[in-house]
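Q: Could you pick one part of this model and take a close look at it with me? I would also like to see how that part sits within the rest of the chain.

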Amino acid sequence: MKLVQNCDNASFAEFNFTVIIDFIIAVLWSLSPFGEAKVGIPYGMLNGHNIYLVFIACFAANVLVFPIMIFFLEKINKYFLRWFFYKKSAIYVARRAKTGSGGKIQKYGFWGLILFVMIPLPGTGVYAGSIATYLFRIEKSKAFWANTIGIFLSSVIVWTATYLSMKGTGQV
């Protein structure tokens, strides 16, 4: 409450706006194929947001990617395949998915998909898990839960690493 008493209305409104924008950016990173929750969680935590709220919001945003991607792949993808550049890119991504971890995902199914989505490295995550679900025709309900569990485990790893590094530098 002292923060409110010591600030004038303009600076308080600016503070709230900045805080809200930073939180929205953390959630958008979690929706983005360029970072997912692997970037959203550290961004939110390092910008001073409640560490538990950041975890929940970024995790939930990352889980939302799966139904969006499945809808895109099943309904919209076929229209984009008419364009040469898109088709060439889609074939490249499909080949990489099949030759990369695709064999392991096919072999181990549900557990392989969890492990693949869980690894907090670039090229893994819910976007790749959704593409694997589509390419290997994995049952959607099982794939949703595999992706959700993988996202949760990845988020816990990233959250814990960020928390420990912040604690080590005295930011928590």
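A: A residue counts as buried here when its relative accessible area is under 20%, as exposed when the value is over 50%, and as partly exposed in between. By that cut-off, buried residues make up 35% of the 172 residues in this chain. Please keep in mind that this is a predicted model.

Let's start with the setting. The chain has 8 helices and 0 strands, and its C-alpha trace spans about 60 × 35 × 25 Å along the principal axes. Of the contacts with a separation of 6 or more, 68% join residues 24 or more positions apart. The accessible surface comes to about 10,900 Å², and carbon and sulfur atoms account for 69% of that area.

The part I would pick is α3 with the loop that follows. Helix α3 is largely enclosed by the rest of the structure, because 7 of its 10 residues are buried. The buried residues of α3 are A37, K38, G40, I41, P42, G44 and M45. Just after α3, G48 takes a positive phi of about 85°. Then comes H49, found in the loop between α3 (37-46) and α4 (51-80).

H49 deserves a slow look. Its relative accessible area is 12%, so H49 is buried. Leaving aside neighbours within four places in sequence, H49 is in contact with V19, D22, F23, G44 and V54. G44 is also one of the buried residues of α3. There is a polar side to this site as well: a polar atom of the H49 side chain lies 3.4 Å from the backbone nitrogen of F23.

F23 leads us into the helix that holds I24, namely α2 (residues 9-31). I24 is partly exposed, since its relative accessible area is 41%. I24 also belongs to a nonpolar patch on the surface, formed with F17, I20, I21 and L28, and together these residues have about 470 Å² of accessible area. A general point about helices helps in reading such a list: an α-helix has 3.6 residues a turn, so residues three or four places apart point the same way.

On the other side of the loop, α4 takes the chain onward, and N77 lies in that helix. At 8% relative accessible area, N77 is buried. Not counting residues up to four places away in sequence, N77 touches F72, Y86 and Y134. Two of these, F72 and Y86, form one aromatic cluster with F80 and W83.

Aromatic rings meet elsewhere too, with 11 aromatic pairs found in a search of the whole structure. Among them, F144 and W145 are edge-to-face, with 5.2 Å centre to centre and 75° between the planes. W159 and Y163 form a stacked pair, because their ring centres are 5.4 Å apart and their planes meet at 5°. Both residues lie in helix α8 (residues 140-168), 4 residues apart, about one turn of the helix. Within this pair, W159 is buried at 16% relative accessible area, whereas Y163 is partly exposed at 22%.

To come back to our chosen part: α3 is largely enclosed, G48 with its positive phi comes just after α3, and the side chain of H49 lies 3.4 Å from the backbone nitrogen of F23 through one of its polar atoms.

Note on methods
Residues are numbered from 1 along each chain as its sequence is written. This is a predicted model: local features need pLDDT of at least 70, side-chain atom pairs count only at pLDDT 80 or more; totals for chains, interfaces and linings use all residues. Side-chain values use heavy atoms; hydrogens and water are left out. Helices (H or I, at least four residues) and strands (E, at least two) are DSSP runs, numbered from the N terminus. Buried means under 20% relative accessible area, exposed over 50%, partly exposed in between (1.4 Å probe, protein chains only). A polar contact is a pair of N or O atoms within 3.5 Å; within protein, one must be able to donate a hydrogen and the other to accept it, and residues adjacent in sequence count only if both atoms are side-chain atoms. Contact means heavy atoms within 4.5 Å. Patches are made of residues with over 30% relative accessible area and no salt bridge: like charges are joined within 9 Å, nonpolar side chains (Val, Leu, Ile, Met, Phe, Trp, Tyr) within 5 Å. Accessible areas come from the Shrake-Rupley method with a 1.4 Å probe; for residues, only the protein chains shown count as cover. A salt bridge is a side-chain nitrogen of Lys or Arg within 4 Å of a carboxyl oxygen of Asp or Glu. Rings of Phe, Tyr and Trp (its six-membered ring) pair if their centres lie within 6.5 Å; planes under 30 degrees apart count as stacked, over 60 as edge-to-face and the rest as tilted.
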